[in-house]
Amino acid sequence: IVVEGILDAISISGFAVMHNKISDEQSQQLKQLHKKVIVVPDHDEAGLKIIDDALDNSFSVSIPEWENESVKDVNDAVIKYGRVATLVKILEYTYDSSIKIKLAKKALEHKLK
């Protein structure tokens, strides 16, 4: 599971890109794992950019619908709901299809306005 920040990654034992962009080097490293890569963006404007990187690299994307408006990223979710519940929600909202990812991105964009 790929997230933006280090606290997000630590809270779920994921991979932090340390920004809202997946670098070419990071993309190559992730592809060499030969495992499903799920990108979980923060629920903010910057998070929208990493979704495009995920699409460019054919990675899956998860945009969980957190019940609480104060939850903006994975670490917030772990604090509010716990690690297991957060991981279940991430898996529940994972999309592999580029069309579904684009629709989920549009929904997030609408929510942010």
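## A tour of the two cores and one ring pair

Let's start with the rings: one aromatic pair turns up in this predicted model. Select Trp66 and Tyr81, which are stacked at 6.1 Å centre to centre with 20° between the planes.

Now show the backbone around both residues. Trp66 sits in the loop between strand S4 (60-62) and helix H4 (74-81), while Tyr81 belongs to helix H4, so the pair ties together parts that are 15 residues apart in sequence. Which of the two rings is buried, and which is partly exposed? Turn on a surface and compare them. Trp66 is buried, with a relative accessible area of 6%. Tyr81 has 29% relative accessibility and counts as partly exposed, because the buried class stops under 20%.

Next stop: the nonpolar cores. The largest one has 16 residues, and Val39, Ile51 and Phe59 are the ones with the most contacts inside it. Colour helix H3 (45-56) and helix H6 (98-112), the elements that each give two or more residues to this core. H3 supplies the largest share, four residues. A second, separate core has 12 residues, and you have already met one of them: Trp66 is included, along with Val71, Val74 and Val78. As background, nonpolar side chains in soluble globular proteins tend to be buried together.

Go back to the largest core and centre the view on Phe59. What does Phe59 touch, leaving out residues up to four places away in sequence? Its contacts are Ile22, Ser27, Leu30, Lys31, Val37, Val39, Ala54 and Ile101. Val39 is thus a contact of Phe59 and, like Phe59, one of the residues with the most contacts inside this core.

From that list, pick Ser27, in helix H2 (residues 24-32). Ser27 is buried, with a relative accessible area of 3%. Beyond residues up to four places away in sequence, Ser27 touches Ile22, Asn57 and Phe59. Ile22 therefore appears in the contacts of both Ser27 and Phe59, where contact means heavy atoms within 4.5 Å.

Finish on H3. Select Gly47, Leu48, Ile50, Ile51, Asp53 and Ala54, which are buried in this helix. Keep them as sticks and look at what surrounds them: the buried residues of H3 pack against strand S3 (38-39), S4 and H6. While looking along the helix, remember that an α-helix has 3.6 residues a turn, so residues three or four places apart point the same way. One last click, just after H3: Ser58 takes a positive phi of about 60°.

Key:
Residues are numbered from 1 along each chain as its sequence is written. This is a predicted model: local features need pLDDT of at least 70, side-chain atom pairs count only at pLDDT 80 or more; totals for chains, interfaces and linings use all residues. Side-chain values use heavy atoms; hydrogens and water are left out. A nonpolar core is a set of buried Ala, Val, Leu, Ile, Met, Phe, Trp, Tyr and Cys residues joined through side-chain atoms within 4.5 Å. Buried means under 20% relative accessible area, exposed over 50%, partly exposed in between (1.4 Å probe, protein chains only). Rings of Phe, Tyr and Trp (its six-membered ring) pair if their centres lie within 6.5 Å; planes under 30 degrees apart count as stacked, over 60 as edge-to-face and the rest as tilted.
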